[in-house]
Amino acid sequence: MKKGKMIILSGPSGSGKTTISHCLLSKFPELKFSVSCTTRSIRNNEKHGKDYYFLSVNSFISKIKTHQFAEWEEVYPKLFYGTLKNEMFKIWKLNQHILFDIDVKGGLNLKKQYPNNSLSIFIMVNSIKILKKRLFTRYCYEQINQINKKNINLRLDKAIEENSYAKLFDFVLFNIDLYQTKKKVIQIVSNFIYEK
Ligand code: 5GP
């Protein structure tokens, strides 16, 4: 199997990294998204096996015990997220490069395990106010109730913590203008994928 590369996109929830990852997938056919496992509940617009593998806590724990994860984190209290080793090897076997959209600690963990074939990019938001607005818009598609308010606040607290890890990434991009950010990410990824 030819050794593939990996691109790690991290940054706070609401920073725009999911939009950027969709943009990269449509631009580069040699990239494939790594579908993570999670124990959080499925959202209206999501599909099992496409956005995530939605697992029960027991099933997630059994995968931890049998060493099936390359990394996993309790990203929010009692909500687990993890990358399956199998998912990664499956993509490399297809001769494609992996695209991750994962939290900061998980991203840095993978970078440490694969220092020679990884590129890590942190998408930053320069204002918590903007982040709050984006998260409210996202959850408005569902419903602003107590549970979703709690979800938004959890994500805002985490964003402050995550921003402090930005300097450990290969590139840090402020997502102020989405068009410009996409342009920069495309350039960075293109240099990385096609470098000799
Ligand atoms: P959400 O629940 O909003 O989809 O994702 C919450 C956070 O979990 C995001 O920052 C997302 O990037 C991160 N995440 C998704 N998959 C993984 C994974 O496999 N491992 C880790 N460590 N974080 C993940």
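Me: What makes nine residues of the shell around the ligand charged?
Reply: Asp, Glu, Lys and Arg count as charged, while Ala, Val, Leu, Ile, Met, Phe, Trp, Tyr, Cys and Pro are nonpolar and the others, Gly among them, polar. Sorted that way, the shell has nine charged residues, plus five nonpolar and five polar. Mind you, this is a predicted model: local features need pLDDT of at least 70, side-chain atom pairs count only at pLDDT 80 or more, and totals for chains, interfaces and linings use all residues. Residues are numbered from 1 along each chain as its sequence is written, and side-chain values use heavy atoms, with hydrogens and water left out.

Me: How do you know which residues are around the ligand?
Reply: One heavy atom within 4 Å of the molecule is enough to be near it. There are 19 residues around the ligand, and Ser36, Arg40, Tyr52, Glu71 and Tyr81 come nearest.

Me: Why is the Ser36 pair with the ligand called a polar contact?
Reply: The term needs a pair of N or O atoms within 3.5 Å. A side-chain N or O atom of Ser36 is 2.7 Å from a ligand oxygen, so the pair fits. Arg40 also has a polar side-chain atom 2.7 Å from a ligand oxygen, and for Tyr52 the distance is 2.6 Å. The protein covers 96% of the 510 Å² of accessible area that the ligand has on its own (Shrake-Rupley method, 1.4 Å probe).

Me: What makes β5 stand out in the shell around the ligand?
Reply: β5 gives the most, four residues. β5 is called a strand because strands are DSSP runs of E, at least two residues long, numbered from the N terminus.

Me: How do you know how the lining of the largest pocket divides by class?
Reply: Lining residues have an atom within 4 Å of a point on the pocket's 1 Å grid, where a pocket is an open set that fits a 1.4 Å probe, with protein on both sides within 12 Å along at least five of seven lines. By class, that lining has 12 nonpolar, 16 polar and 16 charged residues.

How values were computed:
Polar contact = N/O pair within 3.5 Å; in protein donor to acceptor, adjacent residues only side chain to side chain.
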